[in-house]
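Please follow the account below with the sequence and the coordinates at hand. It proceeds from one contact between chains to the charged pairs found elsewhere.

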Number of protein chains: 4
Amino acid sequence: MLGFGSDNHSAIHPELMQAIQKCNVEHAPSYGTDEQTELANSAFKKLFGPQTKTYFVFNGTACNVLALKSMMKTHESVLCSTVSHLNMDECGAPEFFAGKLLTLPHTHGKISLETLKSALIRKGDQHYSQPRVVSLTQPTELGTCYSLAEIKAIVDWAHSENLFVHIDGARLANAVHYLKTTFKEMTTDLGVDIVSFGGTKNGLMMGEAILVLNPNLANDLKYIRKQAAQLPSKTRFIAAQFNTYLSTELYKKISAHSCDKAERLHSKLKDISGVELTAPRQSNAVFVKIPQPWIKILRENFFFYVWDETTFECRLMTTWDTTENQIDAFTDLVQSLALK
Amino acid sequence: MLGFGSDNHSAIHPELMQAIQKCNVEHAPSYGTDEQTELANSAFKKLFGPQTKTYFVFNGTACNVLALKSMMKTHESVLCSTVSHLNMDECGAPEFFAGKLLTLPHTHGKISLETLKSALIRKGDQHYSQPRVVSLTQPTELGTCYSLAEIKAIVDWAHSENLFVHIDGARLANAVHYLKTTFKEMTTDLGVDIVSFGGTKNGLMMGEAILVLNPNLANDLKYIRKQAAQLPSKTRFIAAQFNTYLSTELYKKISAHSCDKAERLHSKLKDISGVELTAPRQSNAVFVKIPQPWIKILRENFFFYVWDETTFECRLMTTWDTTENQIDAFTDLVQSLALK
Amino acid sequence: MLGFGSDNHSAIHPELMQAIQKCNVEHAPSYGTDEQTELANSAFKKLFGPQTKTYFVFNGTACNVLALKSMMKTHESVLCSTVSHLNMDECGAPEFFAGKLLTLPHTHGKISLETLKSALIRKGDQHYSQPRVVSLTQPTELGTCYSLAEIKAIVDWAHSENLFVHIDGARLANAVHYLKTTFKEMTTDLGVDIVSFGGTKNGLMMGEAILVLNPNLANDLKYIRKQAAQLPSKTRFIAAQFNTYLSTELYKKISAHSCDKAERLHSKLKDISGVELTAPRQSNAVFVKIPQPWIKILRENFFFYVWDETTFECRLMTTWDTTENQIDAFTDLVQSLALK
Amino acid sequence: MLGFGSDNHSAIHPELMQAIQKCNVEHAPSYGTDEQTELANSAFKKLFGPQTKTYFVFNGTACNVLALKSMMKTHESVLCSTVSHLNMDECGAPEFFAGKLLTLPHTHGKISLETLKSALIRKGDQHYSQPRVVSLTQPTELGTCYSLAEIKAIVDWAHSENLFVHIDGARLANAVHYLKTTFKEMTTDLGVDIVSFGGTKNGLMMGEAILVLNPNLANDLKYIRKQAAQLPSKTRFIAAQFNTYLSTELYKKISAHSCDKAERLHSKLKDISGVELTAPRQSNAVFVKIPQPWIKILRENFFFYVWDETTFECRLMTTWDTTENQIDAFTDLVQSLALK
């Protein structure tokens, strides 16, 4: 069954599956010294700039918390939104690996510069965990995107305050697609210090990459990663996927597909009376309030999550394998419920 | 090139590759709620007993340190050998996740019961980190195996002292093969509390399983795993490999193959003058001192590690894809060097 | 100079100083095996009930975070108010030692049962750090007190949800005074599980006590304390102070004095136009908005903290050595500024 | 009763008690902003050099582990002796706060430069926790002292290898006395980076000081200390003791007294047949094997610790209040047992 549950539910994209099979020959050195890793590193340098240092890890939680750990000490803190994955869905991993979270209010998942500024209090006060990192999610957990100007303003301010900027980019390619920009223009060129670059939610079997963009960032990521149990041994199988994803521009194809499908879903739902779209559609997510009695019926045919159990706001995610038929079948069903 | 470097260097076994491809269809629920995970869990129950609880993680470091974390508190400690992977090759991961290591002398990688007994000092002394877990590696880092009687004696003593017993079983199937026993007879039936069950070094792409055998062991492993960034999202691809590895008895085929090849290597090296075998051959490892000038020449053709830089003891590992030709070519080359 | 800055600013109460001197003879066993510790333990048992287990530590931060650590695991979380000392003034110590904080809105420092109930979401969801402890401050950071009925209702609900209840009692005696109750009636009898019992802010040189009240609470506090570097060696000097503070009922004298002085301050300020009292007076703190231009003049004579830099709400603390003259001189000065 | 148990058993030196009383007047700012702290800081600068930065903490465990934490990351390790307090008596605190311990063999508590050199293996290997700090105890746990030349050689080598040098100086003044040197000549002038300076075992009620000597050492000790729950609030009472201890040269008086008494004890025991002195006497400790049947009788009159339960090596500590009579009574009793 294909549903709208999560981009984690979809299969491995056939071209990525092929990449895995293709490198499944003979022996290869382990722990990142193989040829595939070298190729993938080059692909990242090409897309994010030549100073990019790449560290593969297994999943998104690790990618975020180890990026943070490389920039801060345990007595420091991270400015992030109350709705951030870091705060809501990591079971305390950021606090365990990195440090305290200072959670901030948001609008459709985005933190404003003003909110960040007002959170920077008690500088130098030893009793108060000092902020060291701003963490932005792009696209956000609510499917919205920071504009390049917004990112630039936040980075400039952060650096003037001696803070680092981290981007949680589990679906980064989708933001690049929506903003009609490039990875480099959206991150490196704006001064972003470190990026969690997602693979798993974009058609890979598994694998994420910590991208260190700030060349002045002294870090011990290879040791941090190993101690955190995130050093893959048979690295070639993760690296081969990333190499294909990036160097064949598969990332463009996948993000265009899933974003277009989300747009179709969004625009068809817009016209149905009884449903209420609750956030702008800027990536592969559609947030929508659906009357409670409909939800049960819909979920029998298409799995998706109720995002807010009190308001019945639902989250519909599209992926590389979402089909037009699937969307039309879903919206037809919603339409038929609306007409009852 | 095929070498004797590590069982991490080998490719994915074709039957396991096929298992991945076969389940790469449609959507599947994530985070361990899929059908493949259910099948793999059943396969583990069948082999280790019905009370077995299985938790997949990404790699061996995680498998060991989270197993430990589930049994101890930060102020407690682990009794393990000085040569254990925990002590030598985890970059401080056990200390970061679990607690202190109390390292003990060993014979060919094995800790004796007497050594363990003499390490249990200062009971109840608040200044002294109290041992809570005995960690045995089976087969050991030096390729030897504890006999069933040895494990039994250690477990019985450990339980009488209120200690848990953990087995680091990165290559557990090889010990089962050598001892002509079963998983259950070697672990559950002897009272072992928890096992780190290896996949990556046995032909899988990646994936290890924490097996909780002690039904009285209250643990929070699902939260511990998530907080430690070790909860795979697209679990089906790890689970499918384990399911095939276990339920088709592929594990027997792979361990028989790699152990037999190691035996061939061992017995052929035994008769070559100038080389000195340094440990009994009881799994897929051969430890051997080779004259320094030969090593460079040998490594040009067959990669392997010098285990001890001062004595030139080398470690030769065989895997599921080691061939007889490869062994014969290697031993022929050694023989030719011996004759010069 | 005597001011209204903090109960940390005041000297050691003369009777406590005497207690220190009196036991400063000969040798005494260290690490809690001395006679004074035994006496202090008995005094706590007398006041909190015979099952009370007492662990001395050096300061309030330690007292709170080690109490928490004894009840929870790193993947669990604490429900506390946004304004709690835990959240605002411990530089990330709770996250480092214990786990995540889930911060909740409050009224004058108090969390309502309804707020707590609504925070208990996603039970059993491995992605979400599971609440394990409710931490109440009594009296709160804003000088208010939970009534016995309020504590009872929260404890009963917490226990029904498998949560523990911790009381941060840095100034616990002041709440006992205000509520005209006893330590036992306010804690043990209501089912409170653990208390951080303050000494330093109540006239001691230094020293706090973790009181474990729940006899079913299996804990390793002696090891937790030692590993956390909080085991005092010359324990007699801390214990002697607590013994005198409790067994001579000095705690009643000190809390009555400081609360009465706060009441005098509060009632005199109430009638001065231009100042605005911002919270009920229920302990030794008075919170009051003072016109900004007055603050500088007042602080030249009487040190105190501006609690909120944006609203000019100030915090005035009284202590065992606050005098009536001091209060009258302060309020006279405020009055004279009001008349200008 | 006066015994030879520990310098932790003795009372507060009268001059230090007086220092506490003298500053017990009026209010003083807390958390290290008081006059006494300023005076003590100056006293440390005078004795260790003008670049010295001083951080008071409560006890020796904290002093050691926070000094380490300020110099290393969790994935790094400390080279120290197997018999170090860090390894044997801190209940895993170094691992919890700082990182892994790499324990080394010793001679009478001292680690040789050769031993250190041979421990520096696998540089740059991500699987191996990289050494960052050498920790020496001066005087050692076995009462011996590193010579200035030995310290110099270790520091020079350590710095050439990019390692920091920490001195655990719980009884540092006694080494200064034995070596007839000064604090500065023994530490700062040799390039030592950080010192744990002991107070509690030298006549203070409690209190230790982390001394940062290396001006290039970027550290966040004020936040590290606060997060670790080691920031004293009523700092004046710790600072006043250190100020008196240092600026009146009381430290010389106390160390001379206790070392002289140890020497008397050592030389009198030397001549008694049946007892065997097991280490050179170079501070206030005497290590001696005493026939088991005598120990019980001796301990009825003079408390002391059996250091090694298997060999009956005992540790006899002298302190500022050890008297000649006490020593003579003890050695007379030993003598009488020898004559039986």
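In this predicted model, a salt bridge connects Glu90(A) with Lys226(B), and the closest N and O atoms of the two are 3.3 Å apart. Between chain A and chain B the count is two salt bridges. Lys226(A) and Glu90(B) also meet through their side chains in a salt bridge, at 3.3 Å from N to O. Lys226(A) belongs to helix H10 of chain A, while Glu90(B) sits in the loop between helix H4 (85-88) and helix H5 (93-97) of chain B, so this pair joins two chains. Both Lys226(A) and Glu90(B) are buried.

The wider contact between these chains may now be considered. Chain A contributes 51 residues to the contact, and chain B contributes 51 residues. The area buried between chain A and chain B is about 4,400 Å², and carbon and sulfur atoms give 56% of that area. Across this interface, 36 residue pairs are in polar contact, with both residues at pLDDT 80 or more. On the side of chain A that touches chain B, at least two residues each are supplied by helix H1 (14-22), helix H3 (60-69), helix H5 (93-97), helix H10 (221-227) and helix H11 (236-247) of chain A. Sorted by class, that side of chain A has 25 nonpolar, 17 polar and nine charged residues.

How are the two copies related in space? In general, two copies of a chain are related by a rotation about an axis and a shift along it. Here, chain A is superposed on chain B by a rotation of 180° with 0.0 Å of shift along its axis, at an RMSD of 0.0 Å. This is the relation of a two-fold axis. Within chain A, the C-alpha nearest the axis belongs to Phe58(A), at 3.5 Å from it. Of the interface residues of chain A, 100% are also interface residues in chain B, so the copies meet through the same surface.

The discussion now turns to other chains. Over all chains, the structure holds 72 salt bridges. One of the salt bridges is formed by Lys226(D) with Glu90(C), whose closest N and O atoms are 3.4 Å apart. Lys226(D) lies in helix H10 (residues 221-227) of chain D, and Glu90(C) lies in the loop between helix H4 (85-88) and helix H5 (93-97) of chain C, so this pair too joins two chains. Lys226(D) counts as buried because its relative accessibility is 3%, below the 20% limit for that class. Glu90(C), at 1% relative accessibility, likewise counts as buried.

A salt bridge within a single chain is that of Glu263(D) and Arg281(D), whose side chains meet at 2.9 Å from N to O. This pair links distant parts of the chain, 18 residues apart: Glu263(D) is in helix H12 (residues 250-270) of chain D, and Arg281(D) is in the loop between strand E8 (276-277) and strand E9 (285-289) of chain D. Is each partner buried, exposed or partly exposed, and what is the relative accessible area? Glu263(D) is partly exposed, with a relative accessible area of 32%, whereas Arg281(D) is buried, with a relative accessible area of 14%.

Chain A offers a further arrangement of charged residues. A network of salt bridges links Arg264(A), Lys268(A), Glu324(A) and Asp328(A).

How values were computed. Residues are numbered from 1 along each chain as its sequence is written. Chains are lettered from A and ligands numbered from 1 in the order in which they are written. This is a predicted model: local features need pLDDT of at least 70, side-chain atom pairs count only at pLDDT 80 or more; totals for chains, interfaces and linings use all residues. Side-chain values use heavy atoms; hydrogens and water are left out. Contact means heavy atoms within 4.5 Å. Buried area is the accessible area (1.4 Å probe) that two parts lose on being put together, summed over both. A salt bridge is a side-chain nitrogen of Lys or Arg within 4 Å of a carboxyl oxygen of Asp or Glu. A polar contact is a pair of N or O atoms within 3.5 Å; within protein, one must be able to donate a hydrogen and the other to accept it, and residues adjacent in sequence count only if both atoms are side-chain atoms. Helices (H or I, at least four residues) and strands (E, at least two) are DSSP runs, numbered from the N terminus. Ala, Val, Leu, Ile, Met, Phe, Trp, Tyr, Cys and Pro count as nonpolar, Asp, Glu, Lys and Arg as charged, and the others, Gly among them, as polar. Copies are superposed by least squares on the C-alpha atoms of residues with pLDDT of at least 70 in both. Buried means under 20% relative accessible area, exposed over 50%, partly exposed in between (1.4 Å probe, protein chains only).
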